[in-house]
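Here is a brief structural report. It covers the overall fold, one helix and two loop residues.

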Amino acid sequence: MNWDDVRIFLAVARSGQILAASRRLDLNHATVSRRVSALEAALQSKLLIRRTNGCDLTPEGEAFQNAAERMEAEMLSARAAVGMTDTEVAGAVRIGATDGYGISFLAPRLGDLTRRYPGLKIQLVPVPQSFSLSRREADILITVERPDTGRLITRKLVDYALGLYASKHYIAEFGMPQNDESLKNHRLIGYVEDLIISPRLHYRSDFVRNWESDFEISAVLGQVEAVRAGAGIGILHKFLARPHDDLVPVLPHKQVDRAYWIVYHENLRDIRRIKAVVDFIAQETEADRASFQ
């Protein structure tokens, strides 16, 4: 059994597509397909069900993926033990992040990282969806919920706060709410509840019991822009609202605290490009910690 074939199989299993795996591995689509077939022949077992829109693991494939990941972890540990870790920071790293942190905070800073390491390719996927680290849909995940299962390395980045905001134009037209009851008489902007992926993102009731939104937006940055446009009062991340002079706090004594965590699979702990990206994100966040609170 060829280890390179196992490595390629893992890429297909994690991405769910031969084409996606070939792009991540920088290999020809036909080569990836052929190498997986060679592995199946060596094992005398069918590992993948190939479909026009992707691949599914057979029961044997699922069992072999678990074994292959243990092999991968042992290989990385062995390389690290004899000093054979990556000698340069190069290759692709995919970061999955919430849109507020990913777009507003991280995206403007990642250019410094790629200038520091010209061989490094960053893929930032700042969408509000669930990523699987075990399937390598992302190499690094920025999350608001600390994972408590899986072979993951987790590190707290920073605490952040949310508060109620409105535009100066809205307050001039409709007045400033003085309490919870008067807030209910205003137009409220919120999130789309059935698209929330974590209980930690359900915070409306922390501000007002039985919050009823007049306008719902799934993207955090969309909520900021709607509030700035005078569409109503919304719950905004303070680090996103603070730079905008046209926004004012509403009932400023009300605040919800959350935290960002950075998470990656323990199999990647000895990969230099992963470590470089994790350290960069942590350092940049720490340097600007005050803006989050």
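Of the contacts in the protein with a separation of 6 or more, 76% join residues 24 or more positions apart; a contact means heavy atoms within 4.5 Å. This is a predicted model, where local features need pLDDT of at least 70, side-chain atom pairs count only at pLDDT 80 or more, and totals for chains, interfaces and linings use all residues. Residues are numbered from 1 along each chain as its sequence is written, and side-chain values use heavy atoms, leaving out hydrogens and water.

The protein has 11 helices and 11 strands. These are DSSP runs numbered from the N terminus: helices are H or I with at least four residues, strands are E with at least two. Of the 293 residues, 45% are buried (under 20% relative accessible area; exposed is over 50%, partly exposed in between; 1.4 Å probe, protein chains only).

Helix H5 covers residues 99–116. Its span from first to last C-alpha is 24 Å, close to the 26 Å expected at 1.5 Å a residue (1.5 Å times one less than the number of residues). H5 bends by about 55 degrees at Leu106, and Pro108 follows within four residues. The bend is the angle between axes fitted to the seven residues ending there and the seven starting there. Buried residues of H5 include Tyr101, Phe105, Leu106 and Leu110.

Two residues other than glycine have positive phi.

| Residue | Phi | Loop between | Relative accessibility |
|---|---|---|---|
| Gln44 | near 55 degrees | H3 (29–43) and S1 (48–51) | 75%, exposed |
| Leu251 | near 45 degrees | S10 (247–250) and S11 (256–265) | 4%, buried |
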